[in-house]
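This briefing reviews one protein chain, topic by topic, for readers at the bench. Please keep the sequence and the structure in view while reading.

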Amino acid sequence: MPGIHDLPLFIVSGLLLNIMPGPDSLLIMTRSAIQGWRAGCTAALGIGAGTMVHICAAALGLSALLATSATAFTVVKLAGAAYILYIALGLLRSRRQTDGAAAPALPALPYRTIFAQGFLTNVLNPKVAIFFLAFVPQFISADAPNKGLAFIVLGCIFNFNGMLWCGALALATARASARIKPSPAVALWLNRVTGGLFVWLGVKLALAKSH
């Protein structure tokens, strides 16, 4: 497309950035381990939908508000941190059944709830919006005839590659969980460790600065 340069470098860089661990990856792995690959892929779809919101907002210039307004950035990041901590609370409160039955430490969730978790975890993270504003324009030519369209095209490519990685992560996690089949006690502590990681991510987001 006219106005886009170094596309192979953009694709490789985007894949490497998607592989970096964060709340999105942790959510996919958690749902895949508990409910299987379909639940993990549903979370990935929610994350992809949230990413498209950031892409369109950045292309329209709305994300620039988060980068320049301390109040807007703080409101969004605190909402995102609160939601991540809410997910963490559910993981930390998981407990084994008292009768010793080998039941999952966490209940299965409806797919619409899982989708909403993925969507909100991503869309309420202002660092994602600022990332797109900082990263994508580097691959758009200064003389591009339509910079907004070029931004959306690159954003969609980034999101598509990210979805491929998220789908692979969901499948790999579900397969590993089915093969290992941890005991209820081990599953309980894995949930608590994961909950602790979500607490760390939530606090990290709450303390994040826009610059």
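UniProt positions are given here in the numbering used for this chain, and such annotations may be inferred rather than shown by experiment. With that in mind, an unreviewed UniProt entry places the feature "transmembrane region" at residues 6–29, 41–66, 72–92, 113–136, 148–174 and 186–207. The model discussed below is predicted. The protein chain contains 9 helices and 0 strands, and 43% of its 211 residues count as buried.

**Overall architecture**

- Followed along the sequence, the protein chain shows the pattern α-α-α-α-α-α-α-α-α.
- Among contacts in the protein chain with a separation of 6 or more, 86% join residues 24 or more positions apart.

**Two of the annotated spans**

- Residues 113–136, one of the spans that UniProt lists as "transmembrane region", are 88% helix and 0% strand. The C-alpha atoms at the two ends of this span lie 31 Å apart.
- Residues 148–174, another span listed in the UniProt record, are 100% helix and 0% strand. Here the end C-alpha atoms lie 38 Å apart.

**Nonpolar cores**

- The largest nonpolar core comprises 15 residues. Phe10, Phe132, Phe135, Val136, Ile140, Phe151 and Leu154 have the most contacts inside this core.
- At least two residues of this core are supplied by each of helix H3 (37–60), helix H7 (126–135) and helix H8 (147–180). Helix H8 gives the largest share, with 4 residues.
- Another core lies apart from this one and has 10 residues, including Ala39, Ala43, Leu169 and Ala170.
- Which residues does Ile140 touch, not counting residues up to four places away in sequence? They are Gly3, His5, Lys147, Ala150, Phe151 and Leu154. Of these, Phe151 and Leu154 are themselves listed with Ile140 among the core residues with the most contacts.

**Packing of helix H2 against helix H8**

- Two packed helices are described by the angle between their axes and the distance between the axes.
- The axes of helix H2 (residues 23–35) and helix H8 come within 8 Å and cross at roughly 40°. This crossing of H2 and H8 is right-handed.
- On the H2 side, the contact is formed by Ser25, Ile28, Met29, Ser32 and Ala33. On the H8 side, Trp165, Cys166, Leu169, Ala170, Thr173, Ala174 and Ser177 take part.
- By character, the residues of the contact between H2 and H8 divide into 8 nonpolar, 4 polar and no charged.
- Is Ser32 buried or exposed? Ser32, located in helix H2, has a relative accessibility of 1% and therefore counts as buried, the cut-off being under 20%.
- Leaving aside neighbours within four places in sequence, Ser32 is in contact with Trp37, Gly40, Ala170, Thr173 and Ala174. Ala170, Thr173 and Ala174 also appear on the H8 side of the contact between H2 and H8.

**Residue pairs distant in sequence**

- Ala59 is found in helix H3. Its C-alpha atom is separated by 9.1 Å from that of Gly155, a residue 96 positions away along the chain.
- Apart from neighbours within four places in sequence, Ala59 is in contact with Gly148, Phe151 and Ile152. Ala59 has a relative accessible area of 23%, so it is partly exposed.
- Leu85 belongs to helix H5 (residues 70–92). Leu85 and Gly202 are 117 residues apart in sequence, yet their C-alpha atoms are 5.6 Å apart in space.
- Because its relative accessible area is 34%, Leu85 is classed as partly exposed.
- Leu15 lies in helix H1. The C-alpha atoms of Leu15 and Leu164 are separated by 9.3 Å, and the two residues are 149 residues apart along the chain.
- At 35% relative accessibility, Leu15 counts as partly exposed.

**Backbone at Asp6**

- Most residues other than glycine have a negative phi.
- Asp6 has a phi near 55°, which is a positive value in a residue other than glycine.
- Asp6 is placed in the segment before helix H1 (7–19).
- With a relative accessibility of 45%, Asp6 counts as partly exposed.

How values were computed: Residues are numbered from 1 along each chain as its sequence is written. This is a predicted model: local features need pLDDT of at least 70, side-chain atom pairs count only at pLDDT 80 or more; totals for chains, interfaces and linings use all residues. Side-chain values use heavy atoms; hydrogens and water are left out. A nonpolar core is a set of buried Ala, Val, Leu, Ile, Met, Phe, Trp, Tyr and Cys residues joined through side-chain atoms within 4.5 Å. Buried means under 20% relative accessible area, exposed over 50%, partly exposed in between (1.4 Å probe, protein chains only). Contact means heavy atoms within 4.5 Å. Axes are lines fitted to C-alpha atoms, for helices over the stretch in contact, and angles run from 0 to 180 degrees between N-to-C directions. A crossing is left-handed if the near helix is turned anticlockwise from the far one by less than a right angle, and right-handed if clockwise. Ala, Val, Leu, Ile, Met, Phe, Trp, Tyr, Cys and Pro count as nonpolar, Asp, Glu, Lys and Arg as charged, and the others, Gly among them, as polar.
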